[in-house]
Protein chains: 2
Amino acid sequence: LFEPSSSAPNRLTVELGPRSYEIEVVSGLVREFGPFARRALERSWTGSSCRRALIVTDSNLADLSIPAPYQAALESVGIAAETAVVPPGEPSKSLAQVERLYDQLAARGADRHTLLVALGGGVVGDLAGFVAATFTRGLPLIMVPTSLLAQVDSSVGGKVGINHRSAKNLIGAFYQPLGVWIDTESLVTLPDREFRAGLAEVVKYGVIAIEPFFSFLEQNAGTILARSPQALEKVIFGSCGIKAHVVARDEREEGDLRATLNFGHTIAHAIETVAGYDGPFRHGEAVAIGMVAESRLAERLGWITSDVTDRLVRLLEGFGLPVKAPGLDLPSLKHAMSRDKKNRLGKIRFVLPRWIGQVELTDSPGEDDVQAILETL
Amino acid sequence: LFEPSSSAPNRLTVELGPRSYEIEVVSGLVREFGPFARRALERSWTGSSCRRALIVTDSNLADLSIPAPYQAALESVGIAAETAVVPPGEPSKSLAQVERLYDQLAARGADRHTLLVALGGGVVGDLAGFVAATFTRGLPLIMVPTSLLAQVDSSVGGKVGINHRSAKNLIGAFYQPLGVWIDTESLVTLPDREFRAGLAEVVKYGVIAIEPFFSFLEQNAGTILARSPQALEKVIFGSCGIKAHVVARDEREEGDLRATLNFGHTIAHAIETVAGYDGPFRHGEAVAIGMVAESRLAERLGWITSDVTDRLVRLLEGFGLPVKAPGLDLPSLKHAMSRDKKNRLGKIRFVLPRWIGQVELTDSPGEDDVQAILETL
């Protein structure tokens, strides 16, 4: 089950034909990043032409001098790298920050052979990825996710973008990186709450795709929370493997498959919209609450029995994640859900569990079902 | 030679595998636009889900009530359409206009099943195309180019984008439409200068790809300038056919083929940058001047003899196009050329003719060659 192969023990491939790319998972080997980037570039149409890079990161990481060794690793393979720093947090996913990065690239004379490295969490990846997708119609891009959430979710699959005041991630593109470099060591210093929030997406992969992965999480919750490198590697391989599998089959969410990654997210996005992007809930926490609520919705439709939801609640609570969000304004939540990108022909679409390991898209919940579920939040 | 086939006498296909699309050339058949749009949508992943459209146009066209029949044509196939109007001219290719269109789409609750129709010249196509490429990670897009330049060039091939203060088209994406609808009737009222400017790109196709097409232009210059519908149809089919052929083989300009479409453009873009986007030269006029200068550069390299350039000059002058741009600041021109997107490793790359019907990318011109050619402007 997504065990690394013996020939490349720390690599996974996202199979996208000529745009296939590798995810490499390491533990504290920053100097190897240079050769990794060079190989990824050489497999692309740019060949050996890249001589310059811009590393985009946030001020939290810059203050800890995290970019310096990555810059040195690039220099070691003949790529002169500079670093651009953006403020941390969701508000940086804005057109204003995009424009600032365009200006910095233009001022440096960047061209289609200038590598962009997104070094940071989901915000940095989404923002820098969008800039890479749209500067000179596409810069070579390498993702270096440093939060668990970014490592298991947003750095893989090519969704990049920024927020619009009316909805999260409303502006964006599908734009695949040339490679994803994951160093589990960056998780050692990750704040506890952020680490736990990332685990919500990990749990999601178990529910939507593979029951044994869910069981693995149940049986190894302790070592995972202790951030054992071996456990983290399995968590990341399992999550990225499932995501890569889905993305390879429905890259641009044109079928229903990729939408299954949004289990828990219909309600999670509504919670985030109503409570505020930088409000009381981190994204992963909203997803935990959303998964539980949507699992209860599946119960109402008779798809599952309550023991499935109970099992989900136990695992999430074991990971220290919230499973309720009382006190939010119901009409606002419903309005936000009516704007969900999965919706078709004005009907709210949900991804609901059939059992642990299988979910399905449906627009069958009626207004009363939605109302009842929101009341349990 | 790019004659329409008997089974579909007014259609050309841009072959891009699952993203292939049709260019339909008609003369005054706006009501057929509805079924065309419906067919194009049904061939795409969106199937029959589209119920709404936003037509983006400029105020010149809106003042002439051009959008109304297109809106009616969409209504006739069950697509409720509204129109968004942007100011005419190059300054609209800005992040500010992009943001305005994002706001309008968001306010209307647009989603991934909302069709965007770009009705207008190159500015509208590039701007609306960029918005389509980046709103909800991609809206279905249909191009309805109304200027000759847009019909033979910018509407085909998926290049969309906006300007940055430091360079034209610096921000953009490769994003293919679902279809291109060309009505030669829109050329009847096109101002003479704009029509002639479009012919510069038509001449370019003859030089870069097919000598007989160049000869056709020489032999039919009179009927073309008289805007005979039959002649215009051949001009558009020939041009779009060559462009579609190139785009199908090098969609994202990752090889050298698509770059050949930039014959004349290295110098043209420099002229436009120095003289101003809304300066004394229209894009096509700058391309005419650029082609002549780059042809002289090919002479200097010994690639061609002066009779090739003379033949090019005669055709361009026959179409009433300028072939010189005296008085521009040479250091500024050289600086602008050093920023060209075709450049590699700091060397200016040109597309130069080997003969009429064949061009080649080269970075062999030295500084003295470039200086000498700029002095002939």
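Two strands pair if DSSP finds at least two bridges between them; strands (E, at least two residues) and helices (H or I, at least four) are DSSP runs numbered from the N terminus. The model is predicted, so local features need pLDDT of at least 70 and side-chain atom pairs pLDDT 80 or more, while totals for chains, interfaces and linings use all residues. Residues are numbered from 1 along each chain as its sequence is written, chains are lettered from A and ligands numbered from 1 in the order written, and side-chain values use heavy atoms, without hydrogens and water.

**Exercise 1.** State how strand 5 and strand 6 of chain B are joined, and place them in the sheet.

Solution.
1. Strand 5 (residues 114-120) and strand 6 (residues 141-145) of chain B run parallel, joined by five bridges.
2. Ala118(B) has Met143(B) of strand 6 as its bridge partner.
3. The open sheet of chain B has seven strands, ordered 1-2-9-6-5-3-4, with mixed pairing.
4. Strand 1 (11-14) and strand 4 (80-86) of chain B each have a single partner strand, so one side of each lacks a neighbour in the sheet.

**Exercise 2.** Describe how helix 14 and helix 15 of chain A pack.

Solution.
1. Helix 14 (residues 330-337) and helix 15 (residues 367-375) of chain A pack at about 125°, axes 11 Å apart; axes are lines fitted to C-alpha atoms over the stretch in contact, and angles run from 0 to 180 degrees between N-to-C directions.
2. The two helices of chain A are therefore oblique (not under 35 degrees, over 145 or 65 to 115).
3. Contact (heavy atoms within 4.5 Å) involves residues including Leu333(A) of helix 14 and Leu374(A) of helix 15.
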